[in-house]
Amino acid sequence: RLIYSIQMLEEGSFVRPTDNIDMAMITAMAKKTALDGAASVQRAAIQREIIECSGSFATLSRNDKTIKLWDMCVADKKEACSNENCAQIKLAHQLEHETSIGAMAGSNDIMLAGDIMGVVIMWNRAKPNSFRRSWGKDNYNWTKTHKFTPWKAGALNTPAEISKQSVVSLCVLGSGAFVSGTKNGTIRVWDNIEHVKEYEVYKKKNAHSMKVTSEMVSGIQTLPPFNDPNTGEECVAFSVGSTDGHVMSMALYPRDPFKKKEDELVIFHVYDNKPDDDHSKKAMAVESIAVLGTIGDPVVVAGDGVGGIKTLTPSWTSVAIS
């Protein structure tokens, strides 16, 4: 099947003894010396052997019900390898889901799977002695911990209603929050999830929602924290692309806890994609976005439907509140 989404989970390292000396090389050489002896490092340098290769990533195929997690490692010389000096990719885990997955996001310890029913399943990397159902062959397992749903308990919904809530984009906002985007243009931020005890989590008490477009969300990317220029308040921020030609930068604005007000989801910057020479719907649509820079002033890169690329720098200009 066509792989249409790849998510890096852990960057890892790739080390040869002939590379520049850094902490990854020092650590890898010390480990190899301890395991194989000092002569092994010299031999590896002469033969340009790979002495360290690590990292992990996830893949998702179109219309699939499974997220596959892969680990990178140095190939065992006893295994088939053309030159006995290569790295290899091994399938480490498969996270099974009940319905087709429309989007995924994750980190080293968390995986999110958003499906065509509007539900987001959270998996956590856990120890093998977990009492929940879990999958995995290594010294850790991935355990299904939460089901985030936009539907009321016991509610019956039509196929048209379900289709509108299909999850098409996901983004992790640190360890305690994530944001989802739907087919009907709704953004939903689930926060304080580290305090949630229930398996099934409903949007009424646990999510902040805003319909940001009449069309479809095409991508979500996290931004560095933004400060409200009026109050100095620091806010978790992210950018959202939509197929109607907008890139909206949003923040979860913390409210006064003494007044018992919940955090508010706000839009603080909007970019309209208006090509100079082609005003067709396809040329105006923002099909994908990426963010460059994790500190300071980030740059958002937006790709349109005809191969055009625009860059913008979000700034806190005005605020629209959900």
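Here are some short exercises with worked solutions on the predicted model shown above.

## Exercise 1: A strand with two faces

Find out whether strand 4 is buried or exposed, and work out which of its residues point which way.

**Solution.**

Step 1. Start with the burial of the strand. Six of the six residues of strand 4 are buried, so the rest of the structure largely encloses this strand.

Step 2. Recall a general rule. In a regular strand, side chains alternate between the two faces of the sheet.

Step 3. Now sort the residues. Ser 56, Ala 58 and Leu 60 point one way from strand 4, while Phe 57, Thr 59 and Ser 61 point the other way. The residues on both sides are all buried.

## Exercise 2: The neighbours of strand 4

Determine how strand 1 and strand 5 are joined to strand 4, and what lies in the turn of the hairpin.

**Solution.**

Step 1. Look at strand 1 (residues 3-10). It runs antiparallel to strand 4, and six bridges join the two. In this pairing, Ser 5 stands opposite Leu 60.

Step 2. Turn to strand 5. Its pairing with strand 4 is also antiparallel, over five bridges. Here Ala 58 is placed opposite Leu 69 of strand 5.

Step 3. Follow the chain from strand 4 to strand 5. These strands form a hairpin, with four residues between them. Asn 63 sits in the turn and has a positive phi of about 60°, although Asn 63 is not a glycine.

Step 4. Check the surroundings of this residue. Asn 63 counts as exposed because its relative accessibility is 56%, and the cut-off for exposed is over 50%.

## Exercise 3: Another positive phi

Locate Asn 192 and decide how exposed it is.

**Solution.**

Step 1. Find the place in the chain. Asn 192 belongs to the loop between strand 14 (186-191) and strand 15.

Step 2. Read the backbone angle. Phi of Asn 192 is near 55°, a positive value in a residue other than glycine.

Step 3. Judge the exposure. With 43% relative accessibility, Asn 192 counts as partly exposed, because that class lies between under 20% for buried and over 50% for exposed.

## Exercise 4: Strand 11 and its partners

Describe how strand 11 is covered, and name the direction in which strand 9 and strand 15 each pair with it.

**Solution.**

Step 1. Begin with burial. Strand 11 (residues 141-149) has eight of its nine residues buried, so it is largely enclosed by the rest of the structure.

Step 2. Take strand 9 (residues 120-126). Seven bridges join it to strand 11, and the two run antiparallel. Ile 121 stands opposite Lys 147 of strand 11.

Step 3. Take strand 15 (residues 200-202). It pairs with strand 11 in the parallel sense, over three bridges. Phe 148 stands opposite Val 201 in strand 15.

## Exercise 5: Tracing the salt bridges

How many salt bridges does the structure hold, and which parts of the chain do they link?

**Solution.**

Step 1. Remember the principle. Side chains of opposite charge can pair when their charged atoms come close.

Step 2. Count. The structure holds three salt bridges.

Step 3. Examine Arg 125 and Asp 109, whose side chains meet at 3.2 Å, N to O. Arg 125 lies in strand 9 and Asp 109 in the loop between strand 7 (101-106) and strand 8 (110-115), so the pair ties together parts 16 residues apart in sequence.

Step 4. Examine Lys 147 and Glu 200, with their closest N and O atoms 4.0 Å apart. Lys 147 is in strand 11 and Glu 200 in strand 15, so this pair ties together parts that are 53 residues apart in sequence.

Step 5. Examine Glu 215 and Lys 281, which meet at 3.6 Å, N to O. Glu 215 is in the loop between strand 16 (207-211) and strand 17 (217-227), and Lys 281 is in helix 5 (residues 281-284), 66 residues away.

Step 6. Compare the exposure of this last pair. Glu 215 is partly exposed, at 24%, whereas Lys 281 counts as exposed, at 60%.

## Exercise 6: A charged patch

Which residues gather in a patch of positive charge on the surface?

**Solution.**

Step 1. Name the members. They are Lys 152, Lys 203, Lys 204 and Lys 205.

Step 2. Look at one of them. Lys 204 is found in helix 4 (residues 203-206), and its 77% relative accessibility makes it count as exposed.

Technical notes:
Residues are numbered from 1 along each chain as its sequence is written. This is a predicted model: local features need pLDDT of at least 70, side-chain atom pairs count only at pLDDT 80 or more; totals for chains, interfaces and linings use all residues. Side-chain values use heavy atoms; hydrogens and water are left out. Patches are made of residues with over 30% relative accessible area and no salt bridge: like charges are joined within 9 Å, nonpolar side chains (Val, Leu, Ile, Met, Phe, Trp, Tyr) within 5 Å. Accessible areas come from the Shrake-Rupley method with a 1.4 Å probe; for residues, only the protein chains shown count as cover. Lys and Arg count as positive and Asp and Glu as negative; His and the chain ends are not counted. The place of a charge is taken as NZ of Lys, CZ of Arg, CG of Asp or CD of Glu. Buried means under 20% relative accessible area, exposed over 50%, partly exposed in between (1.4 Å probe, protein chains only). Two strands pair if DSSP finds at least two bridges between them.
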